[in-house]
Amino acid sequence: MQAPANPNAYKILVVDDDPDIVELLEYNLRKEGYSVASAPDGRRALEIAPQFAPDIILLDVMMPNLDGIATCRHLREQPKFKDTYIIFLTARAEEFSEVAAFEAGADDFIAKPIKPRALLSRLAAFVRRDRDPQSVQDTIEINGLKIDRTGFSVYQEGRKITLPKKEFELLAFLAATPHKVFGREELLQNIWGNDVFVLARTVDVHVRKVREKVGDHHIQTIKGVGYKFNTD
């Protein structure tokens with residue numbers, strides 16, 4: 001494990017049994033100013049994590065000794081890693097892998113082959129939100145979509161789109177935390193609140209209506225889990 005060069009740098013733990021991937025990620029992350037440690041499997045990651053105290057963990061799914069799903073569960077059981085940002089890296093495209101990853105406590109899911117620029121962009125967005133949670137709250141601009149939370153306005157490539165209040169709140173809520181997957185119950189709680197009785201499928205209906213107005217590609221369905229706002 002390499003000691004952090006900058007005590008103020010965000011610390012990232014890379015966990016993967018492929019040394020080429022670890023080398024690629026370490027090089028790109030250090031070049032961006034992150035402090036990086038690595039582990040070849042889940043068991044070693046559980047030993048390193050308490051000492052290194054990472055802010056972000058990049059975690060492969062298929063590994064010897066202890067796979068990524070089990071490793072994530074072990075990490076989430078420890079209070080110190082309750083809020084650590086965990087991103088799964090995997091070559092497996094099967095749906096159940098993604099569902100299992102989010103059920104284990106993952107925040108994000110990136111398929112291999114990894115594109116360093118896309119990964120760095122995603123990490124930078126997390127760092128911005130972490131340092132200033134209000135920075136994305138008033139106006140969100142992603143992929144030609146502009147969401148003005150104070151004016152309750154949405155613009156697609158400059159064209160104004162009118163959304164009813166709940167559809168707007170749903171879109172803005174998902175877009176405020178790109179790539180984080182929210183379950184239907186969590187969305188119901190945050191958008192409709194505890195005092196209003198609505199069915200889980202209400203979320204599905206609202207997502208369908210939002211997609212009809214802003215396009216299908218912004219909100220992605222994670223089957224068996226929920227929805228996330230997609231920036232890719």
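**Exercise 1.** Work out which exposed residues sit on the face of α7 turned away from its buried side.

*Solution.* Start with the outward face: there you'll find Glu185 and Gln189, both exposed (over 50% relative accessible area, 1.4 Å probe, protein chains only; buried is under 20%). A quick note on the source: this is a predicted model, where local features need pLDDT of at least 70, side-chain atom pairs count only at pLDDT 80 or more, and totals for chains, interfaces and linings use all residues. Residues are numbered from 1 along each chain as its sequence is written, and side-chain values use heavy atoms, with hydrogens and water left out.

Next, flip to the buried side of α7 (residues 184-192): Leu187, Leu188, Ile191 and Trp192. Looking down the axis, these buried residues fall within an arc of 100 degrees, so they line one face of the helix. The arc is taken from the directions from the helix axis to the C-beta atoms.

**Exercise 2.** Find what the buried residues of α7 pack against, and what follows the helix.

*Solution.* Check contacts (heavy atoms within 4.5 Å): the partners are α6 (165-176), β10 (182-183), α8 (201-214) and β12 (226-229). Then step off the end of α7 and you hit glycine 193, with a positive phi near 85 degrees.

**Exercise 3.** Say which helix gives the most to the lining of the largest pocket.

*Solution.* First, the candidates: α4 (95-104) and α5 (116-131) each supply at least two lining residues. Then pick the winner: α5, with three residues.

Methods:
Helices (H or I, at least four residues) and strands (E, at least two) are DSSP runs, numbered from the N terminus.
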